[in-house]
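Trainee: I have a new structure to learn, and I'd like to talk it through. Could we go over it together?

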Amino acid sequence: FGGHSDLLMGSITFRDIELRDRVRRVLRDLGIGVSPDEAALVLRGTETMAVRVAHVGRVAREMAERISAFPAVEKVLHPALADSPGHQLWKRDFSGSTGVFSVVMRSGCDAALNHALDSLKTFAIGASWGGTRSLVAPINPAGERGAAAWPHPGPVIRVSIGLEAEADLWDDLASVFGVPMP
């Protein structure tokens, strides 16, 4: 809701009222609560939320579609793309999409990809999704999964689209995902 990467806020929902009361006491004892300034930042972000979400969703979907054509890209994981896991659920339940998606690269392009990430001009490297700034983050799902093995051997880049000019975003993404294959 904030949308400007300047606050951290959330909520905890409980079915068990006794557990809620225990957690509430702990949070109170730790001094964790919402200040008036934080509440004002959320209200400020709420005013522009619909415009921001529509923009980043549209731009991210267009970028995801374009990126999938690069030879170094094995798969783009974006729920609005027909070949993405969960697409049918997304299609059934949603009318728009997020600004965050992942790109699975083909195996063997690691060195060229690292060089391309170092040369980014518009995107920053980071993992604070949902702000005005576009971010990328190299991730390794294989090391994080426990229930099922990660099926892709190549590197993965997580992308979060912000509010910068689309042409600038595309120039950066084309330089990253257009890396030459060995």
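What follows is a chat about this predicted model, going from the whole chain down to single residues.

Trainee: Let's start broad. What pattern of helices and strands does the protein chain follow along the sequence?

Mentor: Start with the parts: the secondary structure of the protein chain comes to five helices and five strands. The C-alpha atoms fill a box of roughly 55 × 40 × 35 Å along the principal axes. Reading along the sequence, you get the pattern α-α-β-α-β-α-β-β-β-α.

Trainee: And what share of the contacts with a separation of 6 or more comes from residues 24 or more positions apart?

Mentor: For context, the protein chain has 182 residues, and 35% of them count as buried. Now take the contacts with a separation of 6 or more and pick out the ones between residues 24 or more positions apart. Their share is 70%.

Trainee: On to the sheet. Which strands stand at its edges?

Mentor: The sheet is open, has mixed pairing, and runs in the order β1-β2-β5-β4-β3. Look at the two ends of that order: each of those strands has a single partner, so one side of each is left without a neighbour in the sheet. The edge strands are β1 (73–77) and β3 (124–125).

Trainee: In which sense do β3 and β4 pair, parallel or antiparallel?

Mentor: In general, strands of a sheet can pair either way through backbone hydrogen bonds. Here β3 meets β4 (residues 135–139) over two bridges, and Ala-124 has Leu-135 as its bridge partner. The sense of this pairing is parallel.

Trainee: How many bridges join β4 to β5?

Mentor: These two strands run antiparallel. One pair to find on screen is Ala-137 with its bridge partner Arg-158 in β5. The number of bridges joining β4 to β5 is five.

Trainee: Now β2. Which residue in β5 does Val-104 stand opposite?

Mentor: β2 has antiparallel pairings with β1, over four bridges, and with β5, over five bridges. Towards β1, Val-103 is the bridge partner of Val-76. Towards β5, Val-104 stands opposite Val-156.

Trainee: Are the residues pointing either way from β2 buried or exposed?

Mentor: Val-100, Ser-102 and Val-104 point one way, while Phe-101, Val-103 and Met-105 point the other way. The strand is mostly covered, with six of its six residues meeting the mark. On both faces, the residues are buried.

Trainee: Which element supplies the largest share of the largest nonpolar core?

Mentor: This core has 30 residues, and those with the most contacts inside it are Ile-67, Phe-101, Val-159, Ile-161 and Phe-177. At least two residues each come from α2 (36–67), β1, β2 (100–105), α4 (110–118), β5 (156–160) and α5 (166–177). The largest share is six residues, and it comes from α2.

Trainee: Phe-101 came up there. Which residues is Phe-101 in contact with, leaving aside its neighbours within four places in sequence?

Mentor: Phe-101 is among the residues with the most contacts inside the core. Its partners include Ala-60, Met-63, Ala-64 and Ile-67, as well as Val-76, Leu-77 and His-78. The rest of its list is Ile-157, Arg-158, Val-159 and Ile-161.

Trainee: What is the handedness of the crossing of α2 and α5?

Mentor: Their axes come within 11 Å and cross at roughly 35 degrees. Where they meet, α2 offers residues including His-55, Val-59 and Met-63, and α5 offers residues including Leu-169, Trp-170 and Phe-177. The contact divides into seven nonpolar residues, one polar and four charged. As for handedness, the crossing is right-handed.

Trainee: Why does Leu-135 count as buried?

Mentor: Leu-135 lies in strand β4, and its contacts include Phe-123, Trp-129 and Val-159. The cut-off for buried is under 20% relative accessible area. Leu-135 counts as buried because its relative accessibility is 9%.

Trainee: Last one: what is the phi of Ser-5?

Mentor: Ser-5 sits in the segment before α1 (17–30). Although Ser-5 is not a glycine, its phi is positive, at about 55 degrees.

Terms used. Residues are numbered from 1 along each chain as its sequence is written. This is a predicted model: local features need pLDDT of at least 70, side-chain atom pairs count only at pLDDT 80 or more; totals for chains, interfaces and linings use all residues. Side-chain values use heavy atoms; hydrogens and water are left out. Two strands pair if DSSP finds at least two bridges between them. A nonpolar core is a set of buried Ala, Val, Leu, Ile, Met, Phe, Trp, Tyr and Cys residues joined through side-chain atoms within 4.5 Å. Buried means under 20% relative accessible area, exposed over 50%, partly exposed in between (1.4 Å probe, protein chains only). Contact means heavy atoms within 4.5 Å. Axes are lines fitted to C-alpha atoms, for helices over the stretch in contact, and angles run from 0 to 180 degrees between N-to-C directions. A crossing is left-handed if the near helix is turned anticlockwise from the far one by less than a right angle, and right-handed if clockwise. Ala, Val, Leu, Ile, Met, Phe, Trp, Tyr, Cys and Pro count as nonpolar, Asp, Glu, Lys and Arg as charged, and the others, Gly among them, as polar.
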